[in-house]
Amino acid sequence: MITALSWVPKGAFNPIPSVPDPLSKEEIDEMMKKKLALLENSEEDVESEEDMSVDASKQPAAIEQALGAANALGKKAGGSSFPDIADGLDELNMDAYDDEDDAIDILGTGIGDTFYPSNELDPHLKDDNDSEEAEDMVVKHEDAVVVCAHVKDEMGRLLVNIIEDPDGDINQYVRNDIDIADFPLCTAWLDCPIKGGEKGNFMAVGMMNPGIGIWDLDIINEDECAALTLGGFAEIQMNKKGNKIKYKEDSHTGPILALAWNKVYRNILASGSADKTVKIWDVATAKCKITMEHHTDKVQALAWNHKEHEVLLSGSVDHTVVMRDGRVPSHSGFKWSVGTDVESLAWNPHDQHLFVASLNDGTVVGFDIRTATSNSSTELKPQFTLHAHDKNVCAISYNPLVPNLLATGSEDKMVKLWDLSNNQPSCVASKNLKAGAVFTLSFSEDCPFLLAIAGSRGNLKLWDTLSDAGVSKRYGTYARQNMASS
């Protein structure tokens, strides 16, 4: 299955990818902890009496090889080189995030002793036939890219999908995949330069175990270690009485169900968890800046406002949507009751006062925040209620170009396009794209009528919505104007 997907903006990739350095001992230890914890959770409860101690001789071959490489290089894991920042979103200083320490500590017995974990990483094992494969690895400026969180047999990976000629005769293929030693649940692309420079190209992944891994997409990464991990396990002790888990400082303690990156405060990432909390992270320092506890059940959806960049929506299984303002962290925010579980949230990109929430009963509700009041006893009614699907509406996405055009995807396997004008929703088009139950979808910012869809069947589907006669007739003018301006 594919649990989540994110578009990567055109031009964000380095045309020629890099290969990773061999794993450090600390990185390998972290990877083993995650693997063992996931294995334990899938086989038995935390209170199991079975002895789950692991002998070194039973380590996976890939880990043994990586340990050999780490021992040969004597490599140490480094910390963040970024300076700390002042608390509060309005005091963030991005100018200082370009500093980095380029020093590398190599204390091994010599490069001749270096062991490469795979042939692809060994620069001495190349032949002329690699040129074709190398060409496929190049991401051209005009290519569109979608990264999917794919799960098979309870193990996850990121699939980097290249879409050539996205505005014409589409050619789609997987450039590379990145193994994840966990079950991925949500994704968010971000460009905060956590490795220095002006911009980065990273994918944040919320996982079943309570960590947020951030992977560098410009590296053809064959190992399972993220460039950065926010929160997660600090220590896992296994004995006959069961697992004893210690978490990193300020970590979530439940699965990460939602992520939202702030496009203006580029070092800020919000996360929602099954532990009922919302956290605001500074990815430049890998520190949690704010923890909010305004929900009473799992937090499944998050969205930053497009115009008021400090304003965050969160949706929960407690049947509420809450709006908080990072400039006033002491304020409890505004709350809307929706009567059932919130699955997804989206701000209207053309009007900062409007948002929609999709629910697990097949409905979509729309709200205007100008009707909000600080009186918690006041019932805030939706502007409209749309009975969109027969089952859970897992995903929604506003079209970035056309006002009031919303896509919805459901466990009923259908994808629908809606015109929400005047708070009177009407269905423009619907399609079964053979993705199975639809878990995730998103319009492209660069190709506004291209919709990416994925779900239980585990394959990425692309819908050129302009190919639908109803969509073309109603919105073709927008497409022509957009093409002329570009």
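A salt bridge here is a side-chain nitrogen of Lys or Arg within 4 Å of a carboxyl oxygen of Asp or Glu. Lys 298 and Asp 297 meet that description, with an N to O distance of 3.9 Å between their side chains. Keep in mind that we're looking at a predicted model.

**Salt bridges**

There are 13 salt bridges in the structure. Take Glu 164 and Lys 140, whose side chains come together at 3.7 Å, N to O. That contact ties distant parts of the chain: Glu 164 belongs to strand 3, while Lys 140 lies in the loop between helix 3 (130–137) and strand 2 (144–152), 24 residues apart. Lys 263 and Glu 445 make another of these contacts, with 3.7 Å from N to O. Here the partners are 182 residues apart, and each comes from a loop: Lys 263 from the one between strand 11 (256–261) and strand 12 (268–273), Glu 445 from the one between strand 27 (438–443) and strand 28.

How do the partners sit with respect to the surface? The table lists the accessibility of each one.

| Residue | Relative accessibility | Class |
|---|---|---|
| Glu 164 | 22% | partly exposed |
| Lys 140 | 35% | partly exposed |
| Lys 263 | 55% | exposed |
| Glu 445 | 54% | exposed |
| Lys 298 | 31% | partly exposed |
| Asp 297 | 26% | partly exposed |

Besides the Lys 298 and Asp 297 pair, there's a network to look at: Glu 308, Glu 310, Asp 325 and Arg 327 are joined into one by salt bridges that share partners.

**Strand 16 and its neighbours**

Now for strand 16, residues 311–316. All 6 of its 6 residues are buried, so the rest of the structure largely encloses this strand. As background, side chains in a regular strand alternate between the two faces of the sheet. In strand 16 both faces are covered, with Val 311, Leu 313 and Gly 315 buried on one side and Leu 312, Ser 314 and Ser 316 buried on the other.

Which strands pair with strand 16? On one hand there's strand 15 (residues 299–304), antiparallel to strand 16 over 5 bridges. Trp 304 faces Leu 312 across that pairing, and the two strands are linked as a hairpin through 6 residues. On the other hand there's strand 17 (residues 320–325), also antiparallel to strand 16 and joined to it by 5 bridges. In this pairing Gly 315 has Val 321 as its bridge partner. The hairpin of strands 16 and 17 has 3 residues between the strands, and His 319 adopts a positive phi near 75°.

**Strand 23 and its hairpin**

Is strand 23 buried or exposed? Buried: 6 of its 6 residues fall in that class, so strand 23 is largely enclosed by the rest of the structure. Its antiparallel partner is strand 24 (residues 405–410), and 5 bridges hold the two together. One of the residue pairs is Ala 395 with Gly 409, the latter in strand 24. Strands 23 and 24 make a hairpin with 6 residues between them, and in the turn Asn 404 has a positive phi of about 70°.

**Charge on the surface**

Just ahead of strand 23 in the chain comes Lys 391, in the loop between strand 22 (384–387) and strand 23 (393–398). Lys 391 counts as partly exposed because its relative accessible area, 47%, lies between the 20% and 50% cut-offs. Together with Lys 413, Lys 434 and Arg 457, Lys 391 makes up a patch of positive charge on the surface.

There's a negative patch on the surface too, and it gathers Glu 142, Asp 165, Asp 167, Asp 169, Asp 446 and Asp 464. Asp 169 comes from the loop between strand 3 (155–164) and strand 4 (171–180). With 67% relative accessibility, Asp 169 is classed as exposed.

**Leu 460 and Leu 5**

One last spot to check is Leu 460, in the loop between strand 28 (450–455) and strand 29 (461–464). Although it's in a loop, Leu 460 is buried, at 11% relative accessibility. Where does the chain bring Leu 460 and Leu 5? Their C-alpha atoms are separated by 8.9 Å, with the two positions 455 residues apart along the chain counted as their distance apart.

Conventions
Residues numbered from 1 in each chain as written. Predicted model: local features only at pLDDT ≥ 70, side-chain atom pairs only at ≥ 80, totals over all residues. Heavy atoms only, no water. Patch = residues over 30% accessible without salt bridge, like charges linked within 9 Å, V, L, I, M, F, W, Y side chains within 5 Å. Areas by Shrake-Rupley, 256 points an atom, 1.4 Å probe, with all protein chains shown as cover. Lys, Arg positive; Asp, Glu negative; His and termini not counted. Charge placed at Lys NZ, Arg CZ, Asp CG, Glu CD. Helix = DSSP H or I, 4+ residues; strand = E, 2+ residues; numbered from the N terminus. Buried < 20%, exposed > 50% of the residue type's maximum accessible area, 1.4 Å probe, protein only. Pairing = 2+ DSSP bridges.
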